[in-house]
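Please look at the two chains below and at the place where they touch. The report starts with one pair of helices and then turns to the wider contact and to one chain.

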Amino acid sequence: MKIFQRLVPWILLAIALFILPAALDDFRLNLFGRYFALSITALAIDLIWGFTGLLSLGQGIFFALGGYAVAMNLMLNTKSLAGGNGIPKFFENYGVDQLPFFWQPFWSPVFTLIAIWVIPAAVAGLVGWLIFRNRIKGVYFSIITQAALMVFFHFFNGQQKLFDGTNGLKTSTTELFGQLVGSPDMQVWFYRLTVLLLPLAFLVCRYFTSGRFGDALIAIRDDESRLRFAGFNPVPFKTIVFLVAGALCGISGALYTIQSGIVSPQYMSISFSIEMVIWVAVGGRGTLVGPIIGATVVNYLRSLVSEALPEAWLFVQGALFIFVVVLMPDGIYGWITKGGFRTFLAAFGIAKKAKTYPQLDKEAIPVD
Amino acid sequence: MELFFSQILDGLSIGSVLLLAATGLAIVFGLMGVINLAHGEFMMLGAYVTYVVQSAFKPMGGVIFELYFPVSLVLAFIVTGLIGVLLERTLIRKLYGRPLETLLATWGVSLILIQLIRSVSTAMMLGIIVGVVVGFLLSKLLGAKFSEKPFFTYLNGLGWAVAIGIGLVAVNLFDQARPLSKAWFGPRNIDVTAPKWLQGSWGMIGTIELPGLRIFIILLSALLLLATFWFLNKSVWGLRIRAVTQNRQMSNCLGIPTDRVDSITFGIGSGLAGVAGCAITLLGSVGPNLGAAYIVSCFMVIVLGGVGNLLGTVLASLLLGIIQSVIGSGTLLTIFPDMPLAAKGVIEFFATTSMSLVLVFIFIIVFLQFRPNGMFPQKGRSVDA
């Protein structure tokens, strides 16, 4: 059993790396690449919500920042998209003839690779620190992050001269290493990159949630005041974990952007950011496997429902929110690991009831 | 200067709509500690109630039609209030003490409400009724027979799943009939024409015209605010609401029916949102996505004003309304044409409705650095107060 458990992640990784690309057509493979990219965001949200109890409704900010960073670099380095001044063509539509100053460093691929996670992390760190140092928490924190999201959305949406506004930046027509980013060959490589980065993100999250740091996070979630009375200052913990989550979201956004072919202010819409939270809730928060399951399952469901009945998706999504929160607070993974399946069988007399002390059962903390 | 005053008036009227909506949100938040993300959708429902009432009054014409607006105000309050009570009884109560989960569940409700308004038709309504009736019947029947069995929960869930399936089949069957399948509102925006007595001006102060619509909205919200204030401070139920807001457990011990207090407060909060939606129809066309535009501003009002204090809500919403309208329209530039270049650049940068929101947010974040609990923080000895 132990050896089997050890082997499971490697088997899954091998399936994702070798079997899925062979079994699926280009379109489906690309979809799965996107799901895995979104799973990284789900992991980040789990880190701050599932473990630290900070429900951020604004992770779309960091997601989109990562996406914009990679899109800006790709646009600058594509000759065919350049207008008269050697800068991207869309600038001409708004009468801009000089590259805005903050676009300049994105000529460099090295800078971009760093910016993808450093810029979101810096923004997250700053916003987080400003909020946490005032002991703003709970619902207040949620609605402030949502307001921040709205602000960033309006900024990117309204500033056509800087980011092409609502149209967003298209990456599918850009070139990388002399190849079209939107071409099937490139997409397979991006898929493989995503599959390799997802376990890395998982390990990062495991590093932060285990040991003393992870204990502090769980203590903040369960009773922050008591932690403070015990002599801890929760602010640095919360800021650091929020910053790490921001960086992960940035990476996830960059991966998603190159696979979906566009980054637009829609990535910062209010609904998208709340959706991210529900991936975690469906999969199982407070566990590290749950968010990956949740992001993949919910997004797969989404594409199935949207293909069949586009108007029905909002109904299904709304029902999913209510169902998970009311009836399945531990999510899919939590339900299984907490013996939900066994209880289910036991109710019909098929399996024996698990013998546990009720108090212990109630207080069990999901351990990954 | 006239322009400036008319902008201030604009800001005041937007601020008073915000005020109506935010008051409802703030009372509920103060009492139960939950934020209702479907609050914006209650405003939307209020707006659609107004539209329905207007359509019903249209054939009567003449003087009676002019009276549709007061009727729709009352109806909007009652309808959204009742839906609010229903929501509290069925869903929010189940999540008591878990504010973050409530946030997510109410978001689910808001999604369903938006799509419902977009695609509701007679066929769909009938299907929903069939589904709910079948569901309750099944649940009753199964409960009578198996309620003692350990697998009852799962069986009940199965029963409801069957009921939903039957409801879906019913919708499809009803859809076959042409007149039933026509959507009531559709996804497009709807327009409500303001009654004649609200259009045009209501006299002048000096050289400044008083536009009837704006003045009416300001008066309406002032009146409702006074009513709310009176209700909270002078009526028996208001006393109970305040008691539960201060200390839920102690109130419970003293025999105050806290669950009924919750329902009533939630109903009133939702009803106020409905009236706000009613007022919004006077300001322009409305659509299913109306809620999203206002809800974030309402949040900012709550964050800025602090909880459980009507005065804070009033000041914050009027302030936000005026900032948005004065800066967003760029009026400052026309009034003070010869200000320094740097300031001019900054103001031009923020001179759109959406960019003024950016400015408001920066202002709030800075403000919170000095007063983390809003303008009028609640005093208390609890750590988390």
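H6(A) and H13(B) cross in a left-handed way; a crossing is called left-handed if the near helix is turned anticlockwise from the far one by less than a right angle, and right-handed if clockwise. This is a predicted model, in which local features need pLDDT of at least 70 and side-chain atom pairs count only at pLDDT 80 or more, while totals for chains, interfaces and linings use all residues. Residues are numbered from 1 along each chain as its sequence is written, and chains are lettered from A and ligands numbered from 1 in the order in which they are written.

Helices (H or I, at least four residues) and strands (E, at least two) are DSSP runs, numbered from the N terminus. Two packed helices are described by the angle between their axes and the distance between the axes. Helix H6 of chain A covers residues 139-158 and helix H13 of chain B covers residues 290-305; their axes come within 10 Å and cross at roughly 130°. That angle makes H6(A) oblique to H13(B). Angles under 35 degrees count as roughly parallel, over 145 as roughly antiparallel, 65 to 115 as roughly perpendicular and the rest as oblique.

Which residues of H13(B) meet H6(A)? They are B:Val296, B:Phe299, B:Met300 and B:Val303, and from H6(A) come A:Tyr140, A:Ile143, A:Ile144, A:Gln146, A:Ala147 and A:Met150. Two residues are in contact if their C-beta atoms, placed from the backbone, lie within 7 Å.

The contact between the chains takes 39 residues from chain A and 39 residues from chain B. On the side of chain B, H5(B) gives the largest share, 14 residues.

The table sorts residues by class: Ala, Val, Leu, Ile, Met, Phe, Trp, Tyr, Cys and Pro count as nonpolar, Asp, Glu, Lys and Arg as charged, and the others, Gly among them, as polar.

| Residues | Nonpolar | Polar | Charged |
|---|---|---|---|
| Contact of H6(A) with H13(B) | nine residues | one residue | no residues |
| Side of chain B that touches chain A | 29 residues | seven residues | three residues |

Chain A has 17 helices and four strands. Its C-alpha trace spans about 75 × 50 × 40 Å along the principal axes. Of the 368 residues of chain A, 45% count as buried, while A:Arg135 is partly exposed, with 16 other C-beta atoms within 10 Å. Buried needs 20 or more such atoms within 10 Å, exposed 12 or fewer, and partly exposed lies in between. A:Arg135 sits in the loop between helix H5 (109-132) and H6 of chain A. Although not a glycine, A:Arg135 has a positive phi of about 60°.

Terms used. Axes are lines fitted to C-alpha atoms, for helices over the stretch in contact, and angles run from 0 to 180 degrees between N-to-C directions.
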